[in-house]
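Welcome! Take a moment to look over the chain below, and then we will walk through one part of it together.

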Amino acid sequence: MLIDWNTVERVLVIRLRSIGDTVLATPSLIALRRFLPHAQIDILLEDWVAPLLDGFQTVDNVITVGKGASHRFAIARRLRQNRYDVVFNLHGGTTSTFFTRATGARHTVGNANYQYSFLYSHRISSSADFWKRENTHSAEQQMALLGFSGVPVSEDIKTKLDLLPSAVASVYERLTNELGTGAPVFALIHPAAAFATKQWATENFAAVAEHLAAKGIPVIAIAAKAENHILENLQYLSSVPVITFNDLTLPEITALASKAKLLVGNDSGIAHIAAAVDTPAVVIFGSSNREHWRPWTNAPNEIVYEDFECQPCAGYECKVFGEPRCILTVRPGSVLAAIDRVILPRR
């Protein structure tokens, strides 16, 4: 059953889960908007990550869903009332499949390997088949669903986030208070990660701060409030001042990243935010799939890692060595050299 795009007026994109997942959905949203400039394009996100798309002009509506069953059923009813023509589920979890089905849309698009894939009217075999190569990035995997359905897509479409004016003003005030007036040059460090297998040692980030300070670049480090102990330890281990923020909203993190000369951090959602505002970056990888999760940007960037046969893995724990050697053995010298290559003018 082919999609007659000339009759499509309302499209829903479903992308539940994390910060990085949301950022990496933006190329798909951009491709849809280019193809359907006058259609209503909505996206369904989890409520805690939805502020990331505040001010994002490519979509018409950001619909949010929480964890409560009653709220989820209410959202399902709202989605059905919106009478979408086409629904793309960019992640095949049970909850997102429930919402896809609940829309009642004639055209629902997902991957053939999704659980309950028989519920979709259009199923793509794999992104590798679409792009005609084995290794594909997360952004490409999502765009493949669109391309399979007739939407023009390209690997040249990179991640993008719009800046919220109120967040820019808030960040500017904090930067002025910490670094003085004018347009302060600074580097951003994100020393936290979701799992130990993705978190480079804090003392290594202290060496990064010292390296940048020696170049006259002050350092700001960010993390969540629950991760404040990492920030405090970073300040303790560093021989140079490190400014820390643990209370920024997602739009403020986006605004801060857009002002940074460089981001140095673990493979995380923050790295993807920086990529989406074209900030140069050095990203340290441990257990993650580098082909799948590297920064999807045209900005200068390098990924730093040590090769292990067991990579990639799920990352919840190290089942081979008992400790995550993949991230623990990444040498500070390798990261410092990558920093120099990224921030120094190319000749």
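Let us begin in the middle of things: strand 10 and strand 11 run parallel and are joined by 4 bridges. Within this pairing, Asn266 stands opposite Ile284 in strand 11. To get from strand 10 to strand 11, the chain passes through helix 11 (residues 269-276), making a right-handed β-α-β crossover. Please keep in mind that this is a predicted model.

Strand 10 has another partner too: 4 bridges link it to strand 7, again in parallel. Here Leu188 has Leu263 in strand 10 as its bridge partner. Strand 10 is mostly covered, with 5 of its 5 residues buried.

Now for the wider view. The open sheet is made of 6 strands with parallel pairing, in the order 9-8-7-10-11-12. Strand 9 (242-245) and strand 12 (301-304) are at the edges, and each has a single partner strand, so one side of each has no neighbour in the sheet. From one strand to the next, the twist averages 20 degrees.

At the strand 9 edge, strand 8 (residues 219-222) runs parallel to strand 9 and is joined to it by 4 bridges. Ile222 stands opposite Phe245 in strand 9.

Two helices that lie against these strands are set side by side here:

| Helix | Strands touched or crossed | Angle |
|---|---|---|
| Helix 9 (residues 228-237) | lies across strand 7 (187-190), strand 8 and strand 9 | about 175 degrees to strand 9 |
| Helix 14 (residues 332-343) | touches strand 10 (262-266), strand 11 (281-284) and strand 12 | about 170 degrees with strand 12 |

How values were computed
Residues are numbered from 1 along each chain as its sequence is written. This is a predicted model: local features need pLDDT of at least 70, side-chain atom pairs count only at pLDDT 80 or more; totals for chains, interfaces and linings use all residues. Side-chain values use heavy atoms; hydrogens and water are left out. Two strands pair if DSSP finds at least two bridges between them. Helices (H or I, at least four residues) and strands (E, at least two) are DSSP runs, numbered from the N terminus. Axes are lines fitted to C-alpha atoms, for helices over the stretch in contact, and angles run from 0 to 180 degrees between N-to-C directions. Contact means heavy atoms within 4.5 Å. Buried means under 20% relative accessible area, exposed over 50%, partly exposed in between (1.4 Å probe, protein chains only). A crossover is right-handed if, with the strands pointing away from the viewer, the path from the first strand over the helix to the second runs clockwise.
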